[in-house]
Amino acid sequence: MTRSSRPDHTPQVIFALATGPSRAAIAIMRASGPGSDTILRALCNGHLPEPRRASLRTLRHNEEVLDHAVALWLPGPNSYTGEDGFELHLHAGPAIIARVADALTDLGSRPAEPGEFTRRAVQKGRLDLLQAEAIADLVDSETESQRKQALRQADGALSRLYDDWAQRLRLVLAHQEALIDFPDEDLPQDVEDGLVEEISKLHAEMSAHLQDNRGELLRRGLTVVIAGSPNVGKSSLLNALSGTDAAIVTHRAGTTRDAIALDWILDGVRLRLIDTAGLRETEDEIEAEGIRRALFHVKQADVVLHLIGPDESLETLSGQEIPIRTKIDIAPAPPGMLGISTQSGEGLDALRQVLSERLSELMAGSAAPPLTRARHRAGIQEAATHLDQARTATWPELRGEELRLSMLALGRLTGRVDVESLLDAIFGQFCIGK
């Protein structure tokens with residue numbers, strides 16, 4: 001049978017392994033959908049466990065014992081998906097998992113599509129789209145900062161911000177529609193003046209939100225590029241900071257021909273450390289390509305560690321750079337300049353502190369939750385663009401259309417805006433048609 005990527009109008013019971021495939025003591029099989037009670041009752045010898053209480057049961061199918069497992073009956077709507085569902089905490093042997101999956105299929109359920117549990121939660125109103133994306137980010141989080149950000153969004157911080165904008169925009173749109181459709185009614189004189197003012201406030205808030213890239217930085221990790229002339233100690237610093245021998249270190253200049261990248265976590269933030277080819281004039285075609293790539297990475301970096309040898313003068317590479325004098329075991333750094341020695345380790349702790357302070361500066365911002373995905377940025381940019389058009393619209397009908405398009409852009413972010421029904425509710429505040 002061919003399975004569609006879209007759920008049917010009458011949802012089927014779906015099941016999936018909620019734990020990873022690695023060797024473990026326990027594996028959790030979860031199921032959701034109308035009819036889950038019938039399937040669980042069949043596995044539990046005709047007896048449904050008490051709701052939301054773990055019960056040790058002998059699971060059977062066709063008179064065969066499948067496993068001695070803990071069963072949880074989770075009736076909707078107060079479940080993750082909003083549907084009836086259950087969990088089976090099985091012994092994690094592959095043969096047991098496969099046999100239970102076969103039994104669930106025999107009883108009328110099917111394996112879930114990727115993300116289908118969360119999709120059903122969105123469709124049932126248990127989550128909005130922003131919270132669903134946060135669940136995926138939470139599962140993928142590798143650092144403490146990513147975990148905290150994903151949890152905050154899963155708790156609805158970003159949703160509340162966008163819902164507040166949507167609520168204010170609904171009121172503005174209702175006022176605008178009243179001015180268009182009922183020009184002769186006794187509406188407050190300052191209604192139109194207040195419209196433009198509120199539109200301008202919303203536009204300013206959205207513009208400030210778009211300038212805040214903390215969330216995207218935390219989610220993807222910050223890029224830290226190590227740059228400088230050949231044989232200045234770039235590869236040695238990469239190895240020293242990461243505690244690995246990822247880069248080859250020799251006394252021969254030009255050893256690094258291509259960028260070498262690895263992940264490093266500092267203060268709970270994931271950094272992408274990139275060691276680059278030495279910057280110099282060269283006629284070697286391969287080395288020249290490495291230098292071209294190095295300059296590209298410098299331009300794209302969030303932070304550049306610009307290493308400068310004892311006999312070199314400072315030439316600025318990027319506005320994001322931290323100048324560092326290397327090989328201070330040979331010659332000391334000038335007063336006021338950070339110096340390091342990868343041979344003795346001197347200055348490395350100070351470099352980590354400076355880098356930590358730079359990360360704090362990059363992560364500083366307002367208390368408002370930041371953008372975390374390109375989809376959010378595109379949606380807010382679209383909403384802000386329509387608000388800007390609404391501010392300058394000369395015809396009331398054009399302003400109303402721009403406001404409506406802005407509201408739809410916000411609605412696509414959360415997945416829960418119905419413009420017409422909301423307008424009906426808002427219009428109740430006006431004495432129209434009395």
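Leucine 237 touches Ile226, Leu305, Leu307, Ile340, Thr342, Leu348 and Leu351, when residues up to four places away in sequence are not counted. The model that shows these contacts is a predicted one. Leu237 belongs to the largest nonpolar core, which has 27 residues. Within that core, Leu237, Leu271, Leu305, Ile324, Leu351 and Leu355 touch the most other members. At least two residues of the core come from each of helices H8 (214–220), H9 (234–242) and H11 (348–363). The strands that each supply at least two are S7 (222–228), S8 (260–266), S9 (269–275), S10 (303–308) and S11 (321–325). H11 gives the most, with five residues. Another core lies apart from this one; it has 25 residues, including Val172, Ile380, Ala383 and Ala390.

Ile380 also leads to histidine 209, since the two residues are in contact. Histidine 209 lies in helix H7, which covers residues 191–211. Its relative accessibility is 5%, under the 20% limit, so histidine 209 counts as buried. Leaving aside neighbours within four places in sequence, its other contacts are Leu158, Leu161, Tyr162, Trp165, Pro369, Pro370 and Leu371.

Two of these contacts, Tyr162 and Trp165, form an aromatic pair. The count of such pairs comes to one. The ring centres of tyrosine 162 and tryptophan 165 are 5.6 Å apart and the planes meet at 25°; stacking requires planes under 30 degrees apart, so the pair is stacked. Both residues are in helix H6 (residues 157–181), and because they are three residues apart there, about one helical turn separates them. Tyrosine 162 counts as buried at 1% relative accessibility, and tryptophan 165 counts as buried at 2%.

A ring takes part in another kind of arrangement at phenylalanine 117. The charged end of arginine 30 sits over the ring of this residue, 4.6 Å from the ring centre.

Arginine 30 falls within the range of strand S2 (26–32), one of the elements against which the buried residues of helix H2 pack. Helix H2 runs from residue 94 to residue 106 and has 13 residues. From its first C-alpha to its last, H2 reaches 18 Å, close to the 18 Å expected at 1.5 Å a residue. Its buried residues are Ile97, Val100, Ala101, Ala103 and Leu104. These residues cover an arc of only 160° around the axis, so they are on the same side of H2. Besides S2, they pack against strand S1 (14–17), helix H1 (36–43), strand S3 (55–61), strand S4 (64–74) and strand S5 (85–91). On the face turned away from the buried side, H2 carries the exposed residues Pro94, Ala95 and Asp106. Glycine 108 follows H2, and its phi is positive, near 110°.

The last site is aspartate 137, found in helix H4 (residues 129–140). Is this residue buried or exposed? With a relative accessible area of 12%, aspartate 137 is under the 20% limit and is therefore buried. Leaving aside neighbours within four places in sequence, aspartate 137 is in contact with Ala150, Arg219, Thr372 and Arg373. Its C-alpha atom is separated by 8.8 Å from that of glutamine 149, which is twelve residues away along the chain.

Note on methods: Residues are numbered from 1 along each chain as its sequence is written. This is a predicted model: local features need pLDDT of at least 70, side-chain atom pairs count only at pLDDT 80 or more; totals for chains, interfaces and linings use all residues. Side-chain values use heavy atoms; hydrogens and water are left out. Helices (H or I, at least four residues) and strands (E, at least two) are DSSP runs, numbered from the N terminus. Buried means under 20% relative accessible area, exposed over 50%, partly exposed in between (1.4 Å probe, protein chains only). Contact means heavy atoms within 4.5 Å. A nonpolar core is a set of buried Ala, Val, Leu, Ile, Met, Phe, Trp, Tyr and Cys residues joined through side-chain atoms within 4.5 Å. Rings of Phe, Tyr and Trp (its six-membered ring) pair if their centres lie within 6.5 Å; planes under 30 degrees apart count as stacked, over 60 as edge-to-face and the rest as tilted. A charge sits over a ring if NZ of Lys or CZ of Arg is within 6 Å of the ring centre and within 35 degrees of the ring normal. The expected span of a helix is 1.5 Å times one less than its number of residues. The arc is that of the directions from the helix axis to the C-beta atoms.
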